[in-house]
Amino acid sequence: MVGSAVGDAIGEIAFSYPKKEKLLKVIARVKELIYTDDTAMTIGLAESLIERKGVDQEHLGETFHKNFLREPWRGYASGPPSIFSLVRRTGISYVIAAKTLFGGEGSLGNGAAMRIAPVGLLFYRSALLYDQACASAEVTHAHPIGKDGAAIQAYGIAQAVSLDPQEGFPRERFIKNLISFARTSQIREKMEEIQNLLNEESPERRASERLGRSVAVHESMPFAIYSFLRYPESFEACLFCSILNGGDRDTLGAMAGALSGAYLGVEAIPQEWREKLENLERIEQLAISLYELSQNQ
Ligand SMILES: [Mg+2]
């Protein structure tokens, strides 16, 4: 949760400072690391999961909606606000409203995957993981690829939480598990592509071009997973790989930071970054509550 928020905040700065040396200087200079919609929605998802002990779609939609009205300046894409105003105007459910986007196909953007860390944490050892991830996605992302992408990111986080960094990182097993977990060909093929790129030791830049740099989930989340699998032992190296190769930088940082933080633990995130993170205590408290709840799953 903290890794995701730090990645989001630093990824957002990387839009203005896309070179590592300058970016490091700017991070050292700023008083506070300000997160964007990615973390605002992660917090909303965590709050709702804790209150309802799982995904309650209407409650989740209401929580997202309420948090958006309080902080509409967080950099939301157009989808969630359109859904919120449709629900407010017509009284239909969030899930039905989400299905009306993009000519009735629903969104396949990365917005459901970017916020999924709380689901990965709460259900990290539960057979409900896939369905709960999809249910959380459906409140804003109705397209099958949007949901599958969120579920894969959740499963990546769940695996990362379960592993012990002292034992060495089982890269082959990790990626094979993701390939067999995917339910759409678009996501599965990207997981296979990650495996090829890592085996070929392709440069980061080439990997980002091959995996995609758009805001669609199958053209962004795979590069976050690639960044983590390429640098599993370093939060900093994983994050910089994810945000310094173009694309949707804040969301790439949020997704890669979630994976790396889940695997390495909060201590692996540079202390100077953690201390500057806006709302750190609140985010840590939500993570602890989710972990405690996960022990009953
Ligand atoms: Mg954002």
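**Asp250 and the magnesium site**

Trainee: Is Asp250 buried or exposed?

Mentor: Asp250 is buried, its relative accessible area being 7% (buried is under 20%, exposed over 50%, partly exposed in between, with a 1.4 Å probe and protein chains only). The model is predicted, with local features needing pLDDT of at least 70 and side-chain atom pairs 80 or more, whereas totals for chains, interfaces and linings use all residues. Residues are numbered from 1 along each chain as its sequence is written, and side-chain values use heavy atoms, without hydrogens and water.

Trainee: And Asp37, buried or exposed?

Mentor: Asp37 is buried, with a relative accessible area of 7%.

Trainee: Which protein donors does the magnesium ion have?

Mentor: Thr36 contributes OG1, while Asp37, Asp38 and Asp250 each contribute OD, at 2.0 to 2.3 Å from the ion. Donors are N, O and S atoms within 2.8 Å of the metal (3.2 Å for Na, K and Ca); water is not among the atoms, so sites may look incomplete.

Trainee: How are the donor residues spaced in sequence?

Mentor: The spacing is T-D-D-x211-D. Asp37 sits in helix α3 (residues 37-52) and Asp250 in helix α17 (residues 249-264), so this pair ties together parts 213 residues apart in sequence. Helices are DSSP runs (H or I, at least four residues), numbered from the N terminus.

Trainee: New topic: where is Pro270?

Mentor: Pro270 lies in the loop between α17 and α18 (271-276).

Trainee: What does Pro270 touch?

Mentor: Leaving aside residues up to four places away in sequence, Pro270 touches Phe235 and Glu236 (heavy atoms within 4.5 Å).

Trainee: How far apart in space are Pro270 and Ala158?

Mentor: Pro270 and Ala158 are 22 Å apart, C-alpha to C-alpha, and 112 residues apart in sequence.

Technical notes. Helix = DSSP H or I, 4+ residues; strand = E, 2+ residues; numbered from the N terminus.
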